[in-house]
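Me: Please take a close look at the ligand site for me. I'd like the whole picture in one go, from the atoms outwards.

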Amino acid sequence: MNESSPNPLPDAVDVLVIGAGAAGLMCAATAGQRGRRVLVLDHANKVGKKILMSGGGRCNFTNLYTAPENFYSENPHFCKSALARYTQWDFIALVEQHGIPYHEKTLGQLFCDNRSKDIVDLLLAECRAARVQVRTRCDIESIVAEEGGYRLETGLGSVRCESLVIATGGLSIPTMGATGFGYDIARQFGLDIVPTRAALVPFTLHGRQLESQRELPGSALAVTARCGDGAFSEQMLFTHKGLSGPAVLQISSHWREGQKVSFDLAPGVDLCEWLQRQRAEKPDTHLHNVLAELWSKKLVQYFLQRRRLESRPLKQYSEKALAETGKQLQNWQLVPAGTEGYRTAEVTLGGVNTDGVSSRTMECKQQPGLYFIGEVLDVTGWLGGYNFQWAWASGHAAGEVV
Ligand SMILES: Cc1cc2nc3c(=O)[nH]c(=O)nc-3n(C[C@H](O)[C@H](O)[C@H](O)COP(=O)(O)OP(=O)(O)OC[C@H]3O[C@@H](n4cnc5c(N)ncnc54)[C@H](O)[C@@H]3O)c2cc1C
């Protein structure tokens, strides 16, 4: 296997995979292990760039609790078959077989102890053992269906294959090589595209909303973020542009332009009841001082200012006023101006409509020999290792049949 070999491409292979990311490499290794002659082509200068940058450099490679409920798709049943046949336990076994140290961070999220590159090395080792050829810096110029397969014209020459697997991912982080190529190929062969949008992405705020939090970038707190039918209890982080942190990234997948997002700033606490109790126990303490037991002083000042609440000794508040304060802090509402978009989004919602694809094999129903796997499909996971698990599972499903 030589990623940037000067050798010409082979004239023909059994399986050609476009995209040397998580799904493509998993599919290639699986097919190669079955004895198929596999070639992987990628236009980027190196393989697995998103894996390398994932999980803050430590790749959150799966989640212990992966289940179909952790995925968004117009067809929520589509992901079930592949996820059941290649589970988180299968990938964990592979990680252990390669001696890669890992740990659970929180909520079942498994991260490498050392670096994301361990996962890329694992995939390349699996490909090498299966005699898979991987070539980078290769632009795909055209794809034509022929009798019994496909012919591709590429920047490195012409190549024919029996099975063609599209594993080119979504639109997030174009500087890392993301393109809409997979969607173009889907359209070329008559498949529909579910409209795409950036997800797992920070919110932006504008004007007075942003101005009012200018002292806060870097501050974080536990919240429950809610929008539509989504609710996530995790950390929220104030940024120079707006809001981020896991709770915000998760809820961004439920948010549409103009919608309100609400935040419970003290999840798990009944603030109305708690404030009444504080008043009974320490009637002379100022409101901001009791709230400082829950949040940093900076945050308390911000919350009080935003709600135009004066801080007085607790005994000066009526029961109703304290109840109202508690209610407001547990239902903090705002309308984000927008999101940071594909520039920083972790994933793309939408993609190749799964109606046209077999959930067992990932093969197009109307186009024999053409497969779509990974994020290019309309299957998008929550934050927390689910997106890689989908890449492994869908890549494996196709790899077993191509
Ligand atoms: C910053 C960041 C952090 C993330 N962290 C995590 C995490 O910790 N855990 C998790 O589960 N998920 C994470 N994700 C999401 C995860 O990286 C993706 O869901 C996953 O990589 C999708 O796998 P894929 O193989 O479908 O696509 P990709 O991994 O994106 O691979 C697609 C490949 O196709 C190639 N390609 C694209 N267009 C063309 C073309 N026209 N011609 C040839 N090749 C092409 C690309 O160069 C790339 O190598 C993160 C994403 C980002 C952006």
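Reply: Let's settle one term before anything else: a polar contact is a pair of N or O atoms within 3.5 Å. Bear in mind too that this is a predicted model.

With that cut-off in hand, start at Ala23, where a backbone N or O atom sits 2.8 Å from an oxygen atom of the ligand. The backbone of Asn387 also has a polar atom facing a ligand oxygen, in this case at 3.3 Å. For a ligand nitrogen, look to Glu346: an N or O atom of the Glu346 side chain is 3.5 Å away from that nitrogen. Taken as a whole, the protein hides 93% of the 1000 Å² of accessible area that the ligand has on its own.

So much for single atoms; now the shell. Three elements each give two or more residues to the shell around the ligand, namely α1, α2 (49-53) and α13. Of these, α13 supplies the largest share, with four residues. Altogether the ligand is surrounded by 31 residues, and Ala23, Asp42, Thr179, Glu375 and Phe388 are the closest. Sorted by class, you get 14 nonpolar, 13 polar and four charged residues in that shell.

Two of the shell-forming helices also meet each other. The axes of α1 (residues 22-33) and α13 (residues 386-399) come within 7 Å and cross at roughly 35 degrees, and the crossing is right-handed. On the α1 side, the contact involves Ala22, Ala23, Met26, Cys27, Thr30 and Ala31. Facing them from α13 are Phe388, Ala391, Trp392, Gly395, His396, Ala398 and Gly399. That contact has nine nonpolar residues, four polar and no charged, whereas the ligand shell does include four charged ones.

To tie the two views together, go back to Ala23 and Phe388: both are listed among the closest residues to the ligand, and both take part in the packing of α1 against α13.

Conventions. Residues numbered from 1 in each chain as written. Predicted model: local features only at pLDDT ≥ 70, side-chain atom pairs only at ≥ 80, totals over all residues. Heavy atoms only, no water. Axes fitted to C-alpha atoms, helices over the stretch in contact; angles between N-to-C directions. Left-handed = near helix turned anticlockwise from the far one by under 90°. Contact = heavy atoms within 4.5 Å. Nonpolar A, V, L, I, M, F, W, Y, C, P; charged D, E, K, R; others polar. Near = heavy atom within 4 Å. Polar contact = N/O pair within 3.5 Å; in protein donor to acceptor, adjacent residues only side chain to side chain. Areas by Shrake-Rupley, 256 points an atom, 1.4 Å probe, with all protein chains shown as cover.
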